[in-house]
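Thanks for sharing this one with me. Please have the structure open while you read my notes.

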Amino acid sequence: MKKENSQYDAMDKTLHAAMSKLTSGLSPSALMAAYADWAVHLALSPGKQAHLMEKATRKSTRLAGYLSECTTQKGQNQPCIEPLPFDKRFSDPTWKKWPFNLLSQSFLLNQQWWSNATTDVNGVTQQHENVVEFATRQMLDIFSPSNYLLTNPQLLEQTKQEGGQNLVRGMQNLMDDMQRNMGNKKPVGTEGYAVGKNLAVTPGKVVYRNHLIELIQYEPVTEQVRPEPILIVPAWIMKYYILDLSAQNSLVKYLTEQGFTVFMVSWKNPDQDDRDLGMADYRKYGVMDAIDTIGKITGKAKIHGIGYCLGGTLLSIAAAAMSRDGDDRIQSLSLLATQVDFSEAGELMLFINESQVSFLEDMMWEQGYLDAKQMSGAFQLLRSNDLIWSRMVHDYLMGNRTPVNDLMAWNSDTTRMPYKMHSHYLRKLFLDNDLTEGRYLVDDKPISISDIRAPAFVVGTQKDHVAPWQSVYKFHLLSDTDVTFLLTSGGHNAGIVSEPGHPRRSYQIATTKKEAKYTDPNSWEAKQAHHEGSWWPELTKWLHNHSSKLTAPPTMGAPNKKLSVLCDAPGTYIFQN
């Protein structure tokens, strides 16, 4: 009987895996369930229906009045509806001219009505409401007049001035992108960036390697260093070198120049053979092996741990388990755009429920891993105006290309995630929030973030849609230690890559002692002073304050302890495609 069930399960998984190739990894069942919840409750809400009919009548009247004013050459600069602050599609003055003003106004009114229709329906679950509103907005965006040549005044003017050459260039751009996608090649413009040449070039050596990580030790640049070394744990869903990007914006280089010995975890890019690697393996062979190795090289018992994104979550799990077991090797903990509570984990939670996670598990089951490109559709949909439609207009109708920078080149260097590990963290962290609620097990025993006693430096970014800063701020609620919280301008990636001299950067910072009363994030933000510039000097000042007296740098590796230098940085795992 079990064999038959297994066979039937395999049929389902195979079908779902095939479907995922058409849906960019999004579960059709999850979307259908959300719309069914909304439609049934709306059908049973005559009051809401009447309210929507009333709104439709008022909006039609407003649009008719606007049309009348336009025909009499009055009120053209006084629209009946303004776009949302982040919507820049109709910001050009040409959209105020007839008939494009009428097209944009009717679209915005229609968009607003559907937003009213998909929200505040009694009985609909919050996630289903969010999904329906989101999906409906994506469908409406398809019909935005800004997306089409004949209804976009900017495009018409450019096409007239260039005699259609913009469309010729756009077709060439489209064909080039299609060929690159089919050939699994990197996006156009990334050829000017190469790891080991102008990316990830801070001098260092690989001093340890196992089947999951390479550990890089960076060469000292000061005569003396703080005795406590820094271990940086990046997220396993990205290449580590976002923190060692170019020479002018490398956090690693900056830390070594400030007198610290820096080690970096470089994750292997997993393949089908790694399908059974789980979160426990990433903690044991990633974080703990790195800590053990650093101790042998430096001869020091304690380290400064710095974790970025999910790497910070993994480091927090390791630190909590170490503290529970009486292991005090963590001198301090710095968490960059890191969540330990996933109840409000940003817009990605739109795609995290039982149906979606099961769909992803079936998708990964067939090949043994999740390719980042398979989920790229979900990330693009979150910012469809910027990542899909504006690119279509800019690249394929205007015929222009946006210059690629180092951060964009890094973002195109994608990684995979093993089947077991990805399923584990989606369920245990995102779906069930076990880490916050005391159910997360390490070595068969639960851990708690409140066990961490090392002081913490926590960084949130204002425009983070992956790890919203209010969610990052929740470390205050869960920990029992001194927390220095810093809120910086920028987003999840650009806010972290914020080197001194970077234009238009600012931050707020304050330290909360463990015995202090709780302050909610909005109140915290309202009362903290703004400081112009990079937040990196604040981090290094804090690290210096939590370090011992300067000493001579350690050796590169420890040959006498069977930790010889294996190769130059950036190592070999970083080149795995």
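Here are my points, from the whole chain down to one residue and one cavity.

1. A word on the basis: this is a predicted model, where local features need pLDDT of at least 70, side-chain atom pairs count only at pLDDT 80 or more, and totals for chains, interfaces and linings use all residues. Residues are numbered from 1 along each chain as its sequence is written, and side-chain values use heavy atoms, with hydrogens and water left out.

2. The chain has 19 helices and 15 strands (DSSP runs: H or I of at least four residues for helices, E of at least two for strands, numbered from the N terminus). Its C-alpha trace spans about 85 × 65 × 55 Å along the principal axes.

3. Of the 577 residues, 50% count as buried, meaning under 20% relative accessible area with a 1.4 Å probe, protein chains only.

4. Now find Thr 202, in the loop between α7 (165–182) and β1 (204–209). Is Thr 202 buried or exposed? Thr 202 counts as buried because its relative accessibility is 7%.

5. What touches Thr 202? Leaving aside neighbours within four places in sequence, its contacts (heavy atoms within 4.5 Å) are Tyr 218, Asp 244, Ser 250, Val 252, Lys 253 and Ala 569.

6. The lining of the largest cavity (points on a 1 Å grid over the protein atoms alone where a 1.4 Å probe fits but cannot get out; lining residues have an atom within 4 Å of a point) has 13 residues, and the closest to its centre are Met 238, Lys 239, Tyr 240, Trp 267 and Thr 415.

Definitions and conventions: 1 Å grid on protein atoms, 1.4 Å probe; cavity = no way out; pocket = protein on both sides within 12 Å on 5 of 7 lines; lining within 4 Å.
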